[in-house]
Amino acid sequence: MKLNRDCLTPVGAIARGLLAGTVGTIAMDTLLYFRSRKGGGNGGFPRWEFSADIHSWDQAPAPAQVGRRLYDGLLQRELPDDRAALVNNIMHWGYGIANGAAYGVLAGSLRTPRVWYGIPFGAGVWGSGYVVLPAAKLYEPIWKYDRQTLAKDLSAHLVYGLTTAAAFRLARRFRL
């Protein structure tokens with residue numbers, strides 16, 4: 001059996017995918033931050049990025065709520081309100097980085113992964129949220145959202161996907 005030397009090892013693909021997912025998450029968050037500022041949000045990027053204004057579970061977005069449910073269900077203990085921001089960040093970053101690893105496994109098995117592969121990847125990550133989160137009663141079904149909301153969310157995920165794909169392609173060139 002002849003090995004394909006152009007393909008990465010699974011560990012190499014996962015490592016590069018983790019790195020690429022981190023870069024993709026930063027790109028997506030940068031876009032979302034500037035949209036927040038344009039919409040009247042105030043405060044610097046670190047305050048926004050690290051959810052400094054989330055002080056309770058009532059204020060917490062979907063990533064935090066998923067993390068809370070996992071923690072409560074697995075450990076049979078409730079998380080206090082002061083953990084909402086931390087859990088939001090762990091879940092948001094964890095999801096972005098883990099999806100990057102999954103992308104790495106898929107793209108790493110190809111001779112020449114293309115940056116445009118980030119489009120269906122980002123769209124898939126976006127779409128999965130509208131399947132999982134309504135089932136968890138954290139989102140409404142997709143058809144209850146207006147086009148503008150869906151387009152903004154999709155475009156942010158496309159930035160994530162394309163940036164992840166570009167970072168992965170670049171990382172393939174380097175020995176990790």
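Biologist: Hello! Which residue forms a salt bridge with Arg68?

Modeller: Happy to help, and please keep in mind that this is a predicted model. Arg68 sits in helix α3, and its partner lies in that helix too, 4 residues apart, about one turn of the helix. The closest N and O atoms of the pair are 3.9 Å apart. The partner of Arg68 is Asp72.

Biologist: Is Asp72 buried, partly exposed or exposed?

Modeller: Buried means under 20% relative accessible area and exposed means over 50%, with partly exposed in between. Asp72 has 21% relative accessibility, so Asp72 counts as partly exposed.

Biologist: How many salt bridges does the structure hold?

Modeller: Besides Arg68 with Asp72, the side chains of Arg47 and Asp53 meet at 2.6 Å, N to O. Lys144 also pairs with Glu140, where the closest N and O atoms are 4.0 Å apart. The number of salt bridges in the structure is 3.

Biologist: In the bridge between Lys144 and Glu140, how is Lys144 classed, buried or exposed?

Modeller: Its partner, Glu140, is partly exposed at 42% relative accessibility. The cut-off for exposed is over 50%. Lys144 reaches 55% relative accessibility, so Lys144 counts as exposed.

Biologist: Let's turn to the interior. Which element gives the most residues to the largest nonpolar core?

Modeller: This core is made up of 11 residues, including Ala20, Met28, Phe121 and Tyr160. Helices α1 (10-38), α4 (84-108), α5 (118-135) and α6 (147-171) each give two or more residues to this core. With 5 residues, the element that gives the most is α6.

Biologist: Which residue of this core touches Arg114, Tyr117 and Thr164, among others?

Modeller: Residues up to four places away in sequence are not counted here. The contacts of this core residue also include Gly108, Gly118, Phe121, Ala165 and Phe168. Of these, Phe121, Ala165 and Phe168 belong to the largest nonpolar core as well. The residue is Tyr103.

Biologist: Now the largest pocket: which element gives the most residues to its lining?

Modeller: The pocket holds about 1200 Å³ of space. Helices α1, α2 (45-49), α3 (62-75), α4, α5 and α6 each give two or more residues to the lining. With 8 residues, the element that gives the most is α1.

Biologist: And how many nonpolar residues does that lining have?

Modeller: The lining counts 43 residues, of which Met28, Leu32, Pro63, His92 and Tyr139 lie nearest the centre of the pocket. By class, 14 lining residues are polar and 8 are charged. The number of nonpolar residues is 21.

Definitions and conventions. Residues are numbered from 1 along each chain as its sequence is written. This is a predicted model: local features need pLDDT of at least 70, side-chain atom pairs count only at pLDDT 80 or more; totals for chains, interfaces and linings use all residues. Side-chain values use heavy atoms; hydrogens and water are left out. A nonpolar core is a set of buried Ala, Val, Leu, Ile, Met, Phe, Trp, Tyr and Cys residues joined through side-chain atoms within 4.5 Å. Buried means under 20% relative accessible area, exposed over 50%, partly exposed in between (1.4 Å probe, protein chains only). Contact means heavy atoms within 4.5 Å. On a 1 Å grid over the protein atoms alone, a cavity is a set of points where a 1.4 Å probe fits but cannot get out, and a pocket is an open set with protein on both sides within 12 Å along at least five of seven lines; lining residues have an atom within 4 Å of a point. Grid points are joined across faces, edges and corners, and a volume is the space filled by probe spheres set on the points. Ala, Val, Leu, Ile, Met, Phe, Trp, Tyr, Cys and Pro count as nonpolar, Asp, Glu, Lys and Arg as charged, and the others, Gly among them, as polar.
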